[in-house]
Amino acid sequence: MKQARKLVLLFMAVCILLSLYGSVMNYIENGNDFERDPKVVYEIYDDLPIPDKTQEIEKKESIRERSSVSLDVYYHTNLSNEQIRQFYIRNLPDKGWIQIEDQGSDGIAFKKGKWKIAVHDDKDKYRVDIYKIYRY
């Protein structure tokens with residue numbers, strides 16, 4: 001019984017140390033980005049080019065402290081999916097964004113520093129995700 005208790009305490013100590021290690025490494029990697037990034041995501045949003053004949057429907061913000069920050073913006077348009085893709089492929093590089101392979105299914109993605117933008121198609125609307133995922 002005493003040996004089982006010692007093992008449980010040892011296991012708990014290891015878990016606490018691993019958690020502390022993760023927090024320290026996260027802070028070393030990301031510093032105070034967590035405080036600044038909710039503002040930065042809206043700065044990116046304000047600078048985002050939008051095609052003509054396009055109307056914003058809604059925005060959804062998600063902030064998971066020390067994990068991720070994102071802003072999903074939904075737009076209505078009569079433009080085709082290909083026209084939307086080509087618009088962002090033409091315009092985002094002018095603002096310093098580099099096209100990368102989209103990790104999702106049907107969209108396109110761009111990267112600038114640690115930030116990413118993904119554009120996903122849907123019937124007569126599309127979604128632009130602006131996000132940053134923190135390491136550790």
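**View 1. Asp 122 and Lys 125, where β5 meets β6.** Let's start at a turn: Asp 122 stands opposite Lys 125 in β6. Keep in mind as you look that this is a predicted model. The two strands here, β5 and β6, form a hairpin with 2 residues between them. One residue to look for is Asp 124, which takes a positive phi near 45°. Follow the strands away from the turn and you'll find that β5 and β6 run antiparallel, joined by 7 bridges. Another pair along the way is His 120, whose bridge partner in β6 is Arg 127.

**View 2. The whole sheet, strand by strand.** Now step back and take in the open sheet, which is made of 6 strands. Reading across, the order is β1-β2-β6-β5-β4-β3, and the pairing is antiparallel. Which strands sit at the edges? They are β1 (54-64) and β3 (98-100), and each of these pairs on one side only. The sheet isn't flat, either: from one strand to the next, the twist averages 20°. If you're wondering what holds neighbours together, strands of a sheet pair through backbone hydrogen bonds, either parallel or antiparallel.

**View 3. β2 alongside β6.** Strand β2 covers residues 68-77, and strand β6 covers residues 125-133. How many bridges join them? There are 9, and the two strands run antiparallel. To get your bearings, find Val 69, which stands opposite Lys 132 in β6.

**View 4. β4 between β3 and β5.** Strand β4 (residues 108-112) pairs with β5 (residues 115-122) in the antiparallel sense, over 5 bridges. Three pairs can be picked out here: Ile 108 stands opposite Val 119, Ala 109 stands opposite Ala 118, and Phe 110 has Ile 117 as its bridge partner. β4 and β5 form a hairpin too, with 2 residues between them. In that turn, Gly 113 has a positive phi of about 65°. Now look at the pairing of β4 with β3, which is antiparallel over 3 bridges. Ala 109 turns up again here, as the bridge partner of Ile 100.

**View 5. Helix α3 and its buried side.** Helix α3 spans residues 81-91, and Ile 84, Phe 87 and Tyr 88 are buried in it. Why do these three count as being on the same side of α3? Because they cover an arc of only 90° around the axis. The buried residues of α3 pack against β2, β4, β5 and β6.

**View 6. Inside the largest nonpolar core.** This core has 23 residues. Those that touch the most other members are Tyr 88, Trp 115, Ile 117, Val 119, Val 128 and Ile 130. Where does the core come from? At least two residues each are supplied by α2 (33-47), β2, α3, β4, β5 and β6. As a bit of background, nonpolar side chains tend to be buried together in soluble globular proteins.

**View 7. Ile 117 and the strand it belongs to.** Zoom in on Ile 117 and count its contacts, leaving out residues up to four places away in sequence. You'll find Ile 44, Leu 48, Leu 92, Trp 97, Ile 108, Ala 109, Phe 110, Val 128, Asp 129 and Ile 130. What about β5 as a whole? It is largely enclosed by the rest of the structure, because 6 of its 8 residues are buried.

**View 8. Thr 77, a residue with polar contacts.** Thr 77 is found in strand β2. Is Thr 77 buried or exposed? It is buried, because its relative accessible area is 1%, and buried means under 20%. Its side chain reaches the backbone oxygen of Lys 53 at 3.1 Å. A polar contact of 3.4 Å also joins the side chains of Thr 77 and Thr 54. Setting aside neighbours within four places in sequence, Thr 77 is in contact with Lys 53, Thr 54, Ile 84, Asp 124 and Tyr 126. You've already met two of these: Ile 84 is buried in α3, and Asp 124 has the positive phi in the hairpin of β5 and β6.

Methods. Residues are numbered from 1 along each chain as its sequence is written. This is a predicted model: local features need pLDDT of at least 70, side-chain atom pairs count only at pLDDT 80 or more; totals for chains, interfaces and linings use all residues. Side-chain values use heavy atoms; hydrogens and water are left out. Two strands pair if DSSP finds at least two bridges between them. Helices (H or I, at least four residues) and strands (E, at least two) are DSSP runs, numbered from the N terminus. Axes are lines fitted to C-alpha atoms, for helices over the stretch in contact, and angles run from 0 to 180 degrees between N-to-C directions. Buried means under 20% relative accessible area, exposed over 50%, partly exposed in between (1.4 Å probe, protein chains only). The arc is that of the directions from the helix axis to the C-beta atoms. Contact means heavy atoms within 4.5 Å. A nonpolar core is a set of buried Ala, Val, Leu, Ile, Met, Phe, Trp, Tyr and Cys residues joined through side-chain atoms within 4.5 Å. A polar contact is a pair of N or O atoms within 3.5 Å; within protein, one must be able to donate a hydrogen and the other to accept it, and residues adjacent in sequence count only if both atoms are side-chain atoms.
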